[in-house]
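Open the model in your viewer and keep the selection panel handy. We will move from one selection to the next, with a short note on what to look for at every stop.

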Amino acid sequence: TIRTDTAYVNTVGRSVQQVHDEARLRVAIEDFVDAGSWNGQGPEHVRAAVKQFVADDPSLRWALEPAAPPGLIWRLRNQTNLIVSAAIVVALLPVLLVVLPFWLIALRIHEGRDVASTAVPDRAHLDQLEEMEDRLVQNQISAVGFVKPGKLRLWTFTAVLWILSFGSRHLYNRGNLAGVTTIHFARWVFLDDKRRLIFASNYDGSIESYMDDFIDKVAFGLNAAFSNGVGYPKTRWLITEGAKDEQAFKNYLRSHQIPTQIWYSAYGDLTASNIADNATIRAGLSASLTDAEAAAWARKL
């Protein structure tokens, strides 16, 4: 019942039905290819044969058409959001430029006073979490913590989540969150009059690889958001250091992680990479491809 402040979707506009249909399509095509002899045949010849196979099967013929985009109303609302958001930023830019130096000074003062947590998750807590992990090719995480006291941190956290919301809606909406490609869904929700925040996500692979992905690729993003939480490893200028202290960050995250009471996957045997490959295979049946693109398409099989 509480409004989500920021949400990330791996690929906006791709429905569950599309994921299932394209997975079924891939299996059928692979069975067809495995049963044939392709020695000496180029990728375009293989693609032509696959297209004919799909056209001859009434249960697969739908795949010769591109996937339907989101509906017109959704697209209009999304475009409106883009225009309004850009207009707000432009209107506030003079104020933001004036405020920025004072905010930076105040931020560094707060960062100097921050106390990083030295807590290490105990074995019983880790055992409870690990019991619920690695059941599917996807995993889940739920973590909750307190926002650092004071208006500066709350306003900073709110602004960062607004930027993240804009980015996930308009920029990082095609399976890639600033270099991280394993996340299916994520959301951030303030609780208790914004005194606490809960983060929930499901992703591919182990929790260790999930944390490593973020540390190695988008540590600045982790810092910008989660450094506003009590006990986070100390940062400089909001985005540096912090998560770069790998073990401190991992201890922080695991200590704040709570058992996920309920989570659901509609396709628990498919990774984000599988889903993207299946969509590429389907798109390649109706697209006009160069020889190089046809070879890349064939490699997806």
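## A walk through the strands and a helix pair

Start by selecting E3 and E4, which pair in the antiparallel sense over 8 bridges. This is a predicted model, so keep that in mind as you go. For one rung of this pairing, show phenylalanine 190 and its bridge partner in E4, leucine 197.

Now go to the end where the two strands connect. E3 and E4 form a hairpin, with 4 residues between them. Pick out aspartate 192 in that turn and check its backbone: phi is positive there, at about 55 degrees.

Next, keep E4 (residues 196–204) on screen and add strand E2 (residues 138–146). These two are also antiparallel, paired over 9 bridges. A handy pair to label is valine 144 and isoleucine 198, the latter being its bridge partner in E4.

Then return to E3 (residues 183–191) and add E1, which is joined to E3 by 4 bridges and runs antiparallel to it. Where does tyrosine 8 sit in this pairing? It stands opposite alanine 186 in E3.

Stay with strand E1 (residues 6–9) and turn on its side chains, which alternate along the strand. Which of them are buried? Thr6 and Tyr8, pointing to one face, are buried, whereas Ala7 and Val9 point to the other face and are not. Tyr8 is thus a good residue to centre on, with its buried side chain and its place opposite alanine 186.

For the next stop, hide the strands and select helix H6 (residues 207–226) together with helix H7 (residues 246–256). Their axes lie 11 Å apart and the packing angle is about 95 degrees. Angles of 65 to 115 degrees count as roughly perpendicular, and H6 and H7 are therefore roughly perpendicular to each other.

Show side chains where the helices touch. On the H6 side, the contact involves Ile207, Glu208, Met211, Asp212, Ile215, Leu222 and Phe226. On the H7 side, you will find Glu246, Phe249, Lys250, Tyr252, Leu253 and Arg254. Colour this contact by residue class and you get 8 nonpolar, no polar and 5 charged residues.

Finally, zoom out to the whole protein chain, with its 9 helices and 7 strands. The C-alpha trace spans about 70 × 50 × 40 Å along its principal axes. Of the 301 residues, 40% count as buried. Switch on the surface to finish: the accessible area is about 16,700 Å², and carbon and sulfur atoms contribute 61% of that.

Notes:
Residues numbered from 1 in each chain as written. Predicted model: local features only at pLDDT ≥ 70, side-chain atom pairs only at ≥ 80, totals over all residues. Heavy atoms only, no water. Axes fitted to C-alpha atoms, helices over the stretch in contact; angles between N-to-C directions. Parallel < 35°, antiparallel > 145°, perpendicular 65-115°, else oblique. Contact = heavy atoms within 4.5 Å. Nonpolar A, V, L, I, M, F, W, Y, C, P; charged D, E, K, R; others polar. Buried < 20%, exposed > 50% of the residue type's maximum accessible area, 1.4 Å probe, protein only. Areas by Shrake-Rupley, 256 points an atom, 1.4 Å probe, with all protein chains shown as cover. Pairing = 2+ DSSP bridges.
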